[in-house]
Amino acid sequence: MTTPAASWRSLAATALAAVAVVVLVDVLAGRLAPPIVRREIADGVRDLDRSDPTLLVLGSSHARSFEAMGDTLAARTAGQVRTVTVPVEFGKFTAYDWVLQHRLRPLLAARRPDGTRVRGSLRRLVLVTEWWDGCAPFGGEPLASLPSRGWTWADFVADVAAHGVTPYNRNYVQSRWRRLWPASALVQDRGKRQVLLTLRRRLLDSPADSARHDSAFVRDWRAMIEAGADCVGDPAELAALGRMLAWAERAGLRTTIVLFPRKPNTITPRALATTFARYRAIIDSAAARHGATVVDLTLGSPLGDDDFMADFDHVTRAGNEKFAAWALADALRDLATPDVAATGAPR
């Protein structure tokens, strides 16, 4: 006859075995596809809260490529140029504007009891963008990246109070769960399927299969970029861009809009003549209205196909170092020149 104590021991042994299996699978998955913890909005907000920067870099996930540049600028200028980088993964102008208005401006406007500003050194703004930012979210759905990466607990509670628990606001909870387990491949891979894709490529795909996959991926990217000609210029996204530029102009900041480099083999002559040309014209017009400068690096940098990750979108670590060194010696060399006092105050 099984005693209660024996039953509990059996249950505990089964639970421990299950946990051990999960841990083992997680370790093996991590070796196949090591989890990558990237800089997010919260990291930029934290750095701003702890510092008094002279340069703010805000924009898409490509803003991460300016991290290495910030370290170089600080070293070259003996700390006179201090950079805070705020990347908004899978964002658009509406998301960047929300982050600026709700997360960054309150910190930039903070004052001490005597009325002096806590952070009064900001002189420059760099907006990092590409054609994707000028299009409305596909399918008309709100950007999940905003609750997952931009919200605070208070934003989540307010949205639940207004709309109940929805798939949109659940993104906040799911992202916080992932941040609790940065080293877990299974947690970080949820919804991405990188572990399964890597396993398939290693065990099932031949070199010919991999070549066909890459060729198909290139075709998909080329088609997507060419289709972008029909969506750049979304009114809501351009209104958000205008609000950011107007804020920077009122604050007396020198603003540079950087059109970030794209993987060369994903760009066709048609895309250059349509999507990119139209987007450049839109950005030039907005910049002219607010006294901003445009630096178009779409194909104007030394980055080649091999400098981009397997997603065909983001730049590798070595590529970022190459980009930073080149940009500070060429297209963005003026960032290394400390600016005089701004004519206004961020508010």
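In what order do the five strands of the open sheet run, and is their pairing parallel or antiparallel? The order is β2-β1-β3-β4-β5, and the pairing is parallel. Keep in mind that this is a predicted model. The chain has 13 helices to go with those five strands, and here's a quick tour.

**The chain as a whole**
- Of the 347 residues in the chain, 44% are buried.
- Take the contacts with a separation of 6 or more: 81% of them come from residues 24 or more positions apart.
- About 17,600 Å² of the chain is exposed, and carbon and sulfur atoms supply 60% of that area.

**The sheet**
- Strands of a sheet pair through backbone hydrogen bonds, and the pairing can be parallel or antiparallel.
- Here the five strands make an open sheet with parallel pairing.
- β2 and β5 (293-296) sit at the edges with a single partner strand each, so one side of each has no neighbour in the sheet.
- From one strand to the next, the twist averages 15 degrees.
- β1 (residues 55-60) runs parallel to β2, and six bridges join the two.
- If you want to find that pairing in the structure, look for L55, whose bridge partner in β2 is T83.

**Helix α2 and its cover**
- Helix α2 covers residues 41-49, and its buried residues are I41, D43, G44, V45 and L48.
- What lies over those buried residues? The cover includes the strand β2 (83-88), along with α4 (93-108), α5 (145-150) and α7.

**The nonpolar patch at α7**
- W177, L180 and W181 make a nonpolar patch on the surface, about 380 Å² in area.
- W177 belongs to helix α7, which spans residues 167-180.
- Is W177 buried or exposed? It's partly exposed, because its relative accessible area of 47% falls between the 20% and 50% cut-offs.
- α7 also turns up elsewhere in this briefing, as part of what covers the buried residues of α2.

**Two loop residues with positive phi**
- Most residues other than glycine have a negative phi.
- A78 goes the other way, with a positive phi near 55 degrees.
- You'll find A78 in the loop between α3 (67-76) and β2.
- A78 counts as exposed because its relative accessible area is 71%, and the cut-off is over 50%.
- F90 has a positive phi too, near 50 degrees.
- F90 is in the loop that runs between β2 and α4.

Conventions. Residues are numbered from 1 along each chain as its sequence is written. This is a predicted model: local features need pLDDT of at least 70, side-chain atom pairs count only at pLDDT 80 or more; totals for chains, interfaces and linings use all residues. Side-chain values use heavy atoms; hydrogens and water are left out. Patches are made of residues with over 30% relative accessible area and no salt bridge: like charges are joined within 9 Å, nonpolar side chains (Val, Leu, Ile, Met, Phe, Trp, Tyr) within 5 Å. Accessible areas come from the Shrake-Rupley method with a 1.4 Å probe; for residues, only the protein chains shown count as cover. A salt bridge is a side-chain nitrogen of Lys or Arg within 4 Å of a carboxyl oxygen of Asp or Glu. Helices (H or I, at least four residues) and strands (E, at least two) are DSSP runs, numbered from the N terminus. Buried means under 20% relative accessible area, exposed over 50%, partly exposed in between (1.4 Å probe, protein chains only). Contact means heavy atoms within 4.5 Å. Two strands pair if DSSP finds at least two bridges between them. Axes are lines fitted to C-alpha atoms, for helices over the stretch in contact, and angles run from 0 to 180 degrees between N-to-C directions.
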